[in-house]
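Here's a quick tour of a ligand site and a pocket. Have a look at the structure first, then read on.

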Amino acid sequence: MNRAIEAAKKFAGWHNVINIEEHPGGNVNDTFVVSTKDKGRFILQRLNTKVFKNPKLVIANMCSIADHTQRVLEKTPLPQSRRWVVPSVLYTQPTDSSDPNAFWIDEDLGFWRAITYVENATAHQKIKNPLHGFEVGFGLGLFQSLISNLKPTELHDTLPGFHITPKYLQKFQDAALNRSSPTTTLDENYCFKFIDQRASWCSVLEDAAAKKTLKVRPIHGDPKTANIMLDNDTAQAVALIDLDTVKPGLVQYDIGDCLRSSCNTAGEECTDLSSIDFDVTMSKQILKGYLSIASSFFTEEDYEYLYDSARLISFELGMRFFTDYLENNTYFKVKHINHNLERAIIQFKLTEAIETRESEIRKVILAANKEANDSSLFDELKNQLHLSEPVAL
Ligand code: GN1
Ligand code: MG
């Protein structure tokens, strides 16, 4: 906390810091909410530089995204009563003659950055009701639309290999080979077998991308429920936060991640495995919200891979947690030695639930798309956004 106080003072400048609260929940970075005497609140983060090896590029991306979105929004007003906020980067306020910086490095080489606080909005950990589900989907669709014209050359790859499932499989296989433990527990066995049975399928999205069946577009990379903020008064989506992983990729990874996190009835950290299920009814709301805007850039093939996207991203995350467990927990923050193993099993149980409900989910995809298209709610917005052709890398 002492380092956080020091960092907060660097960004708050002359304004007295009156409170710092650690924000729980992030698996990678450390996040704090800082309140100042007369300049409101801001978000302070210590980036995990073992994960983000070049943190200055993360900040450069944030600036590009904020500038680009601002420009698009100036030309494309949102429907009345809707607001959309992009958190922006804050600079240090030196008390001497040195230049302000978008980061501050402490004595232990901790890398700190600060961003604006999205006022009068909340990032909920769990979906509260069907309207919330719709707004979460809509927020993701709007975010992807607003950055759709951002050129790949304007974005740095802050995390090479992120969301390339076959690469995670390779990493898992290497970790399994290098493991020194001579015995395997029942839980570990379950994970090994689970991955093995799905190994040949896990390149489903990357194969489609290689054949150009699926197109590459800028994506958010981590649109879990808690990263999509709702306005406190209108309950409408108002911002997507956590922009560290925005990069060119497949929109399927985004919508899959949104469904994975929003429709897991038990949450990512549950203790009762029997309570894990995939809430199909909620998935319809999310897809309806998403497709009510994303339908303007979705191709027929994009729809075909929607079911796989939810199944794959749950499987991928489970495999990432399990690999980190095998590698002695060096990537995700853990509270105890088996934490990543437990998280992996939760994601695999969710994957199983999605597999069991495949036919229901496929029906819901069709129904959500029809309802989204029948509604003319966002027709004007879709026309105004002038979505560009996806980019080929
Ligand atoms: C990590 O740190 P957080 O919670 O924003 C991870 C995501 C996972 C998520 C699961 C850079 O995100 O990919 O989906 O945990 N972020 C990174 O909760 O690996
Ligand atoms: Mg994140």
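## Who surrounds the ligand

Domain 1 (2–54 + 85–117) and domain 2 (123–385) each put at least three residues into the shell around ligand 1. Keep in mind that this is a predicted model.

In total, 16 residues surround ligand 1, and the closest are K224, D242, E268, R320 and Y331. Sorted by class, that shell comes out as seven nonpolar, three polar and six charged residues.

## Polar contacts and cover

Which side chains place an N or O atom 2.9 Å from an oxygen atom of ligand 1? N27 is one of them, and D222 is another, also with a distance of 2.9 Å to a ligand oxygen. For E268, the distance between a side-chain N or O atom and an oxygen of ligand 1 is 2.6 Å. E268 also turns up among the closest residues of the shell.

How much of ligand 1 does the protein cover? On its own, ligand 1 has 440 Å² of accessible area, and the protein covers 94% of that.

## The second largest pocket

Now for the empty space. The second largest pocket holds about 470 Å³. Its lining is made up of 22 residues, with L159, P160, Y168, K171 and Y331 closest to the centre. Y331 is a name you've met already, as one of the closest residues around ligand 1.

By class, the lining of this pocket splits into nine nonpolar, five polar and eight charged residues.

## Where the lining comes from

Two of the helices to look at here are α4 (165–178) and α10 (306–326), each of which supplies at least two lining residues. The biggest contribution is from α10, which gives four residues to the lining.

Why does the second largest pocket lie between the domains? Both domain 1 (2–54 + 85–117) and domain 2 (123–385) give residues to its lining, so the pocket sits between them. Both domains also feed the shell around ligand 1, with at least three residues from each.

How values were computed
Residues are numbered from 1 along each chain as its sequence is written. Chains are lettered from A and ligands numbered from 1 in the order in which they are written. This is a predicted model: local features need pLDDT of at least 70, side-chain atom pairs count only at pLDDT 80 or more; totals for chains, interfaces and linings use all residues. Side-chain values use heavy atoms; hydrogens and water are left out. On a 1 Å grid over the protein atoms alone, a cavity is a set of points where a 1.4 Å probe fits but cannot get out, and a pocket is an open set with protein on both sides within 12 Å along at least five of seven lines; lining residues have an atom within 4 Å of a point. Grid points are joined across faces, edges and corners, and a volume is the space filled by probe spheres set on the points. Ala, Val, Leu, Ile, Met, Phe, Trp, Tyr, Cys and Pro count as nonpolar, Asp, Glu, Lys and Arg as charged, and the others, Gly among them, as polar. Domain bounds come from an automatic or database domain assignment. A residue is near a molecule or strand if one of its heavy atoms lies within 4 Å of it. A polar contact is a pair of N or O atoms within 3.5 Å; within protein, one must be able to donate a hydrogen and the other to accept it, and residues adjacent in sequence count only if both atoms are side-chain atoms. Accessible areas come from the Shrake-Rupley method with a 1.4 Å probe; for residues, only the protein chains shown count as cover.
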